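Colleague: I have the model open and would like to go through the ligand site and the charged pairs. Shall we take it step by step?

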Amino acid sequence: MRVGFIGAGKMAKAMIRGLISHGIAPGEILVCTSNPVSCAAVSSEYGVRGCESPAEVAKEANILVLAVKPVHVRDVLSHPDIRMNSRHLLISVAAGIRISTLRTYVPDARIVRVMPNLCSAVMSGVSCYTMGDGTDSDDEKTVRMMLESMGRAFRIEEKDMDAVSGLSGSSPAFVFMVIDALADGGVRMGLSEEFALELAALTVEGAARTVMGTGEDPDILKENVCSPGGTTIEGVKVLEEGGLRKLISDAVVASARKSERMSKG
Ligand SMILES: NC(=O)c1ccc[n+]([C@@H]2O[C@H](COP(=O)([O-])OP(=O)(O)OC[C@H]3O[C@@H](n4cnc5c(N)ncnc54)[C@H](OP(=O)(O)O)[C@@H]3O)[C@@H](O)[C@H]2O)c1
């Protein structure tokens, strides 16, 4: 299987790591970026093959991952040198770009739209995907194999893409902020930065595993940590008064709305 990446930044690198760790030979992975220097850097870091242009990647690979920023999608796909036809499976990870929009640039390619997340870099990604018209079950097997090499994959309807973009696509950033803030609290109480960060990250990981492992409502789990008149309820009161729940759900909605606006052009 030969996979070509058009754009090799943070998201593409996370996917490349996943594919290599899943046994895809680095030599079967092609990349191009906006300039030869960054392309050479990715090529030497992962042992993948650097190409000069998106057109070269499309010539050499049947499976293409479109991993440029949304604002660059049109320039890349409508470039006169690029040739994409029905032998190409185009997997776009560009936030807020609909399959119907991609199809206007490359009408003959089989198109899949994916919303991955950055946790793919450590095989803990969550990806949601929509299969475009003209794709078949072999295409879906290929896509699932790629996405499951870096975490969990869920097939969704395209109408839900903005919502998952706000939730699983963007929220690693929100959780990183939470981990950082938890660690700050520990440092304020005298722990070393390194130890505080380790405790904060492990605690968030453990809390997520507890939700998944018990199937219990997070609100009940929260109550299980709070003894009447105890220490935790004091902290919970601070978070409730500060509006933490609304703030975080508003952040998901704001990210999803931005994705909606981008979809409309
Ligand atoms: N980061 C995330 O957490 C995340 C999550 C979900 C979805 N996504 C989606 O993933 C896509 C990529 O995001 P990112 O965070 O990986 O961005 P990024 O780190 O900025 O990477 C973008 C890549 O595109 C390359 N590029 C720009 N113009 C190009 C051109 N004309 N031809 C070829 N390559 C070109 C850049 O080249 P240089 O290296 O030379 O600049 C860079 O390698 C976006 O569409 C985003 O919506 C990202």
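Colleague: How many nonpolar residues does the shell around the ligand have?
Modeller: This is a predicted model, so keep that in mind throughout. Sort the shell by class. Two residues are charged and seven are polar. The nonpolar count is 14.

Colleague: Which element gives the largest share of the shell around the ligand?
Modeller: Two elements give two or more residues to the shell. They are α1 (10-21) and α4 (70-77). The largest share is three residues, and it comes from α4.

Colleague: Which polar backbone atom is 2.8 Å from an oxygen atom of the ligand?
Modeller: Check the backbone contacts one by one. For A8, a backbone N or O atom lies 2.9 Å from a ligand oxygen. For G9, the distance is 3.2 Å. The 2.8 Å contact is made by a polar backbone atom of M11.

Colleague: How much of the accessible area of the ligand does the protein cover?
Modeller: On its own, the ligand has 900 Å² of accessible area. In the model, the protein covers part of that area, and the share is 79%.

Colleague: Which pocket does the ligand take up, by size rank?
Modeller: Start from the surroundings. The ligand has 23 residues around it, with A8, M11, S34, S38 and V68 as the closest. The space it takes is the second largest pocket.

Colleague: Which residue forms a salt bridge with E28, and how far apart in sequence are the parts that the pair ties together?
Modeller: The model has 16 salt bridges. In this one, the closest N and O atoms are 3.6 Å apart, inside the 4 Å cut-off. The partner of E28 is R2. E28 lies in the loop between α1 and β2 (29-32) and R2 in the segment before β1 (3-6), so the tied parts are separated in sequence by 26 residues.

Definitions and conventions: Residues numbered from 1 in each chain as written. Predicted model: local features only at pLDDT ≥ 70, side-chain atom pairs only at ≥ 80, totals over all residues. Heavy atoms only, no water. Near = heavy atom within 4 Å. Polar contact = N/O pair within 3.5 Å; in protein donor to acceptor, adjacent residues only side chain to side chain. Areas by Shrake-Rupley, 256 points an atom, 1.4 Å probe, with all protein chains shown as cover. 1 Å grid on protein atoms, 1.4 Å probe; cavity = no way out; pocket = protein on both sides within 12 Å on 5 of 7 lines; lining within 4 Å. Sits in = over half its atoms within 2 Å of the grid points. Helix = DSSP H or I, 4+ residues; strand = E, 2+ residues; numbered from the N terminus. Nonpolar A, V, L, I, M, F, W, Y, C, P; charged D, E, K, R; others polar. Salt bridge = Lys/Arg side-chain N within 4 Å of Asp/Glu carboxyl O.
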